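Take a look at the fold shown below. This report walks through some of its helices, their contacts and a few unusual backbone angles.

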Amino acid sequence: MDKDFAARRRRDLIIAALLAAIAAATPLFVKDVVVQNILILTLLYAGLSQSWNILSGYCGQISLGHALYFGLGAYTTELLFTKFGVLPWFGMLAGGVVSALIAMGLGYPFFRLRGHYFVIATIVIAEIGLLLFHNWEWAGAAMGITIPIRGDSWLKFQFLRTKLPYFYFALALCCLAWFVTWWLENSKWGFWWRAVKDNPDAAESLGVDVFNSKMGAAAVSAFLVAVGGSFYAQFVSYIDPESVMGFQFSLLMALPAVLGGIGTLWGPVLGAAILIPLTELTRFKFGGSGRGVDLIVYGTLIVLISLALPRGLLSLFSRPKKTGTAR
């Protein structure tokens, strides 16, 4: 059994390397700016959903407030850049650290809640954060922050004439989130998280540090999501509270994992590859007159998949367990 598990992990790593190589070569053949934009967003949300999956999928702490960490990453980076001239690369790290610390600070009271009470708490705290930034004048309040464009520069991570640098950063972020998940999956923390998800009381009776394992999952998840928020802010060059902290971001992080298979390594990637192009293409087709059509389409898709395949689309590719009857 151990050999089978090790072989599966090696196979996953090889498949990931091949997919990353194919993705890296895609811009050589895809020149359309609209398609490139869809690819960037797909990779971004694949990484974000993978990060969300660490806390909510593996550890079982369902969060619908991850937009808070996404927004904190975006605002930390851009406030440091516009107010103090700190390069976005350092702002990304700062945003990740700030979000991880806040996630652990919030986890101290929230991880004493269970089930739907925890879910409601995450929604409430994210909405409080949204309201605070709506009224914080120093951070631009409802008007937001316009990021000054100073020409193409890797140092300042700004590009006007091409989207390729953004594409490769989104690919790197997606690969990083996947690799961190792959590595943690077989670590002590990964086993702890799965035990906590299945039965926290039983896990604690066997010596698992339930509270600290949740805190670790929250910190890793928030850090990666905040880096994604920092990248998104640089990509769009403008942020306001609704554009980086709105509830839809929390949903868009959760839905790919739910569609593909929550608590799995490949579920968020598969879900993002389906949902995000669908979202962007419906917006492109219907424009302002079709506002909300994308939500209707993939909301219906989620309901159908949940009814037909409760474990997500990934369950279609899993081999059924042998029940072994005597013959």
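A16 touches W178 and W266, leaving aside residues up to four places away in sequence. This comes from a predicted model. A16 lies in helix α1. Is A16 buried or exposed? A16 has a relative accessible area of 15%. Buried means under 20%, so A16 counts as buried. A16 also shows how a chain folds back on itself in space. A16 and C175 are 159 residues apart in sequence. Their C-alpha atoms are 8.1 Å apart in space.

R11 makes a useful second case. R11 is found in helix α1 too. Its relative accessibility is 43%, so R11 counts as partly exposed. R11 and F90 are 79 residues apart in sequence, and their C-alpha atoms are 35 Å apart in space.

**Helix α1 and other helix spans**

Helix α1 covers residues 2–25. Which residues of α1 are buried? They are R9, D12, A16, A20 and A23. These buried residues pack against α6.

How far does a helix reach from end to end? The table sets the expected span, at 1.5 Å a residue, beside the distance between the end C-alpha atoms.

| Helix | Residues in helix | Expected span | End-to-end C-alpha distance |
|---|---|---|---|
| α1 (residues 2–25) | 24 residues | 34 Å | 35 Å |
| α4 (residues 88–110) | 23 residues | 33 Å | 31 Å |
| α9 | 27 residues | 39 Å | 39 Å |

For α1, the reach is close to the expected value. For α4, the two values agree. For α9, the two values agree as well.

**Helix α4 and its neighbours**

The buried residues of α4 include P88, G91, M92, G95 and G96. Further along, S99, A100, A103, L106, G107 and F110 are also among the buried residues of α4. What do the buried residues of α4 pack against? Their partners are α3 (67–84), α5 (116–134), α6 (164–185) and α9.

**Helix α2 against α9**

Helix α2 spans residues 33–58, and helix α9 spans residues 210–236. Their axes come within 7 Å and cross at roughly 165°. An angle over 145 degrees counts as roughly antiparallel, so α2 is roughly antiparallel to α9. The crossing of these two helices is left-handed.

Which residues make this contact? From α2, the list includes N37, I40, L41, L44 and W52. From α9, it includes K214, A217, V220, L224, F231 and F235. What kinds of residue take part in the contact of α2 with α9? The contact holds 15 nonpolar residues, four polar ones and one charged one.

Helix α9 is mostly covered, with 22 of its 27 residues buried.

**Helix α2 against α6**

Helix α2 also packs against α6. Here the angle is about 20°, and the axes are 8 Å apart. Angles under 35 degrees count as roughly parallel, so α2 is roughly parallel to α6. This crossing is left-handed.

On the α2 side, the contact residues include Q36, L39, I40, L43, G47 and Y58. On the α6 side, they include L164, Y166, F167, A170, W178 and E185. The contact of α2 with α6 divides into 17 nonpolar residues, five polar and one charged.

Some α2 residues appear in both contacts. I40, L44, S51 and I54 meet residues of α9, and I40, L44, S51 and I54 meet residues of α6.

**Positive phi angles**

Now turn to the backbone. A141 has a positive phi of about 50°, although it is not a glycine. Where does A141 sit? A141 is in the loop between α5 and β1 (145–146). Its relative accessible area is 7%, so A141 is buried.

F157 has a positive phi of about 50° as well, and it is not a glycine. F157 lies in the loop between β1 and α6. Is F157 buried or exposed? Its relative accessibility is 0%, so F157 counts as buried.

S237 comes just after α9. Its phi is positive, at about 65°.

Conventions: Residues numbered from 1 in each chain as written. Predicted model: local features only at pLDDT ≥ 70, side-chain atom pairs only at ≥ 80, totals over all residues. Heavy atoms only, no water. Axes fitted to C-alpha atoms, helices over the stretch in contact; angles between N-to-C directions. Helix = DSSP H or I, 4+ residues; strand = E, 2+ residues; numbered from the N terminus. Parallel < 35°, antiparallel > 145°, perpendicular 65-115°, else oblique. Left-handed = near helix turned anticlockwise from the far one by under 90°. Contact = heavy atoms within 4.5 Å. Nonpolar A, V, L, I, M, F, W, Y, C, P; charged D, E, K, R; others polar. Expected span 1.5 Å × (residues − 1). Buried < 20%, exposed > 50% of the residue type's maximum accessible area, 1.4 Å probe, protein only.
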